[in-house]
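Two people sit down with a structure that one of them has not seen before. The newcomer asks, and the other answers.

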Amino acid sequence: MQTREIGRGLLVATTAAAVFMTGCANMTETQRNTAIGAGVGAAAGGLIGDGKGAAIGAGVGALGGYAWSRYMENKKQQMQAATAGTGVQVTQTPDNQLKLNIPEDISFATGRADIQPRLRPILDQFGQGLGQQPSLEVTIIGHTDSTGTDAINNPLSVARANSVRDYLATRGVDTRRIRTDGRGSREPIADNRTDAGRAQNRRVEIFLADRAPVAAAPAPTYNTPIGGQPVR
């Protein structure tokens, strides 16, 4: 019985994915991304019993990921120009978020959570225009090196992320669209056994994401032969 249900789920999943993918050639980029997400979600969800998971997975997949829009590309170029020579790294993540990796030497003094003057113009540029883009989401994550205890590092990393959030709020960014977190020393990007490595690990990361809208797939097209019935 279980094998039969799994087989049925896979059949539904495959069918759902095929339906979503069939019209991709005639879709806009947004519609194509949504359909692909729905198809992948359906395929994964089909492993849940009696095929219901395919519908659930399709719904989750259709929520879409992040879109790398013209606005995001322009924002990346603006931030690269604004941070040139500062040590800030501006990149596009694999899931289409704009990432700013800000080292401690221009962001916060050791052991403190108040923003240094060199960081302010970077945050000014980052926050510019975000209030007019309601689909944008901001995530700010603070990090420390392994010096000191978790009892010190964890709240410090959170406080630094919150300081960046509060500064952006003064520049008109809605704090309801900002998520903050502190990872303490749990996510190093370099060797904590060296001074240079610890300096890299003391950082703040800011992510800007544009949630891809869910677009309806185009209606199916029909070919109608003269004197005949419509056919797909």
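**Questions on a predicted model**

Colleague: What share of the 232 residues in the protein chain do buried residues make up?

Modeller: First, a caution: this is a predicted model. A residue counts as buried when its relative accessible area is under 20%. By that cut-off, the buried share of the 232 residues in the protein chain is 37%.

Colleague: How many helices and strands are there in the protein chain?

Modeller: From the N terminus on, the order of the elements is α-α-α-α-β-β-α-α-β-α-β-α-β. The protein chain thus opens with helices and ends on a strand. The totals are eight helices and five strands.

Colleague: Which element gives the largest share of the largest nonpolar core?

Modeller: The largest nonpolar core has 27 residues, and Leu100, Phe126, Ile140, Val164 and Ile206 have the most contacts inside it. Two or more residues each come from α4 (70-82), β2 (98-103), α6 (120-127), β3 (136-143), α7 (150-170) and β5 (203-210). The largest share of this core is four residues, and the element that gives it is α7.

Colleague: Leaving aside neighbours within four places in sequence, which residues is Leu100 in contact with?

Modeller: Leu100 is among the core residues with the most contacts inside the core, and so is Phe126. Beyond its neighbours within four places in sequence, Leu100 is in contact with Met79, Val88, Gln89, Val90, Ile122, Phe126, Val204, Glu205 and Ile206.

Colleague: How wide is the arc that the buried residues of α6 cover around the axis?

Modeller: The buried residues of α6 are Ile122, Leu123, Phe126 and Gly127. They lie on the same side of α6, because the arc they cover around the axis is only 125 degrees.

Colleague: What covers the buried residues of α6?

Modeller: Phe126 is one of the buried residues of α6, and Phe126 is also among the residues with the most contacts inside the core. The cover over the buried residues of α6 includes α4, β2, α5 (104-107), β3, α7 and β5.

Colleague: Which residue forms a salt bridge with Asp124?

Modeller: Asp124 lies in helix α6, and its partner is in the loop between α7 and β4, so the pair ties together parts that are 47 residues apart in sequence. Asp124 is partly exposed at 31% relative accessible area, and the partner is partly exposed at 40%. The N to O distance is 2.8 Å, and the partner is Arg171.

Colleague: Is Asp145 buried or exposed?

Modeller: Asp145 is placed in the loop between β3 and α7. Its side chain makes a polar contact with the side chain of Arg202 at 2.6 Å, and a polar atom of that Asp145 side chain lies 2.9 Å from the backbone nitrogen of Thr147. The relative accessibility of Asp145 is 5%, so Asp145 counts as buried.

Colleague: How far apart are the closest N and O atoms of the salt bridge between Asp195 and Arg198?

Modeller: Both residues lie in helix α8 (residues 195-201), three residues apart, which is about one turn of the helix. Asp195 counts as exposed at 60% relative accessibility, whereas Arg198 counts as buried at 19%. The closest N and O atoms of this salt bridge are apart by 2.2 Å.

Colleague: What is phi of Asn96 near?

Modeller: Most residues other than glycine have a negative phi. Asn96 lies in the loop between β1 (89-92) and β2, and at 22% relative accessibility Asn96 counts as partly exposed. Phi of Asn96 is a positive value in a residue other than glycine, near 70 degrees.

Colleague: Which side chain makes a polar contact with the side chain of Asp174?

Modeller: Asp174 is found in the loop between α7 and β4 (178-182), and its relative accessible area of 25% makes Asp174 partly exposed. Asp174 and Pro134 are 40 residues apart in sequence and 9.3 Å apart in space, C-alpha to C-alpha. The polar contact of the Asp174 side chain has a distance of 2.8 Å, and the other side chain is that of Arg176.

Key: Residues numbered from 1 in each chain as written. Predicted model: local features only at pLDDT ≥ 70, side-chain atom pairs only at ≥ 80, totals over all residues. Heavy atoms only, no water. Buried < 20%, exposed > 50% of the residue type's maximum accessible area, 1.4 Å probe, protein only. Core = buried A, V, L, I, M, F, W, Y, C linked by side-chain atoms within 4.5 Å. Contact = heavy atoms within 4.5 Å. Arc of directions from axis to C-beta. Polar contact = N/O pair within 3.5 Å; in protein donor to acceptor, adjacent residues only side chain to side chain. Salt bridge = Lys/Arg side-chain N within 4 Å of Asp/Glu carboxyl O.
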